[in-house]
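Open the model in your viewer and follow the selections below in order. Each stop says what to pick and what is found there.

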Amino acid sequence: MASEQINIIGRGITIRGSLSGGGDLVIEGRVEGQVALKNHLTIEQSGTVEADIKADELTINGEASGNIEANTRVAINNTAKVQGDIKSQRVVIEDGAVFNGSIEMDVKLPDDV
Amino acid sequence: MANTIIGSSIVIDGEISGDEDLVIQGTVKGKISLKESLFVEASGVVEADIDTQNVEIAGRVTGNIAASDKVELKSDCRVVGDIKAPRILIADGASFKGNVDMDVKER
């Protein structure tokens with residue numbers, strides 16, 4: 001076990017409450033509440049997250065509902081269903097993905113706009 | 001089957017439930033109820049009531065433990081709380097404070 005940690009919440013597991021920490025996290029099960037992660041969060045196709053999410057980078061292949069805040073990037077892949085508001089520098093939505101909500105990218109507008 | 005691992009940098013405050021094995025290297029506060037085995041590794045800190053089939057503890061646990069099969073306290077673990085299970089093993093070097101209730105009526 002090195003410092004490169006991978007945390008997995010498996011299919012049969014449900015977590016209700018708050019989840020926080022560093023390291024990469026893969027959710028294949030169910031999480032309700034709050035997620036705050038310093039690194040990369042992946043919600044796999046079998047995963048369901050009903051939580052406000054804060055992470056550095058987020059990849060969604062499954063279902064997510066709640067507000068999402070990512071420092072670098074949010075990727076909503078074609079198997080994903082996402083509901084909520086997203087705030088991130090870069091947001092990618094693939095063809096086939098379902099998304100309802102608002103997106104706020106950190107766009108620097110010119111001063112005269 | 002994918003094993004669930006809660007790594008040493010992860011903190012969970014709340015309730016964990018499920019029907020597969022769970023490995024805790026990080027911190028969990030609240031409640032854990034599983035139909036399978038729970039492993040609290042040496043780096044793991046659990047402040048929760050635990051209700052599972054099997055528990056193996058090498059880390060620190062504070063809370064009441066109820067297992068339908070077996071509870072194993074490894075050496076160097078620190079456990080405070082009451083344990084209820086048909087089979088309880090305490091290894092040499094383990095620290096434990098609490099009541100032990102072995103349910104022997106099945107035999």
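Two residues are in contact here if their C-beta atoms, placed from the backbone, lie within 7 Å. The model is a predicted one.

**Stop 1: chain A as a whole**

Select chain A and colour by secondary structure. The chain has 13 strands and zero helices. Read from the N terminus, its elements run β-β-β-β-β-β-β-β-β-β-β-β-β. Chain A is as compact as a globular protein of its length, because its radius of gyration of 14 Å is close to the 13 Å that the globule rule gives for 113 residues.

Turn the C-alpha trace of chain A along its principal axes: the spans are about 50 × 30 × 25 Å. Then colour by burial. Of the 113 residues in chain A, 37% are buried.

Next, draw the contacts of chain A between residues at least 6 apart in sequence. What share of them join residues at least 24 apart? The share is 1%.

**Stop 2: S2 and S4 of chain A**

Select residues 13-21 of chain A, which form strand S2. Add residues 30-37 of chain A, strand S4. S2(A) and S4(A) pair in the parallel sense, with eight bridges between them. For one pair to label, take Thr14(A), whose bridge partner in S4(A) is Arg30(A).

A general point helps when side chains are switched on: in a regular strand they alternate between the two faces of the sheet.

**Stop 3: across to chain B**

Keep S2(A) selected and add S2(B), residues 10-18 of chain B. In which sense do S2(A) and S2(B) run, parallel or antiparallel? They run antiparallel, and nine bridges join them. Two pairs can be labelled here. Gly21(A) has Ile10(B) as its bridge partner in S2(B), and Ser18(A) has Asp13(B).

**Stop 4: the contact between the chains**

Now widen the selection to the full contact, which takes 21 residues from chain A and 22 residues from chain B. On the chain B side, the elements that give two or more residues are strand S1 (4-6) and strand S2 (10-18). S2(B) gives the most to this side, with nine residues. Finally, colour the chain B side by residue class: ten residues are polar, eight nonpolar and four charged.

Conventions:
Residues numbered from 1 in each chain as written. Chains lettered and ligands numbered in written order. Predicted model: local features only at pLDDT ≥ 70, side-chain atom pairs only at ≥ 80, totals over all residues. Helix = DSSP H or I, 4+ residues; strand = E, 2+ residues; numbered from the N terminus. Nonpolar A, V, L, I, M, F, W, Y, C, P; charged D, E, K, R; others polar. Pairing = 2+ DSSP bridges. Rg over C-alpha atoms; globule rule 2.2 N^0.38 Å. Buried ≥ 20, exposed ≤ 12 C-beta atoms within 10 Å, placed from the backbone.
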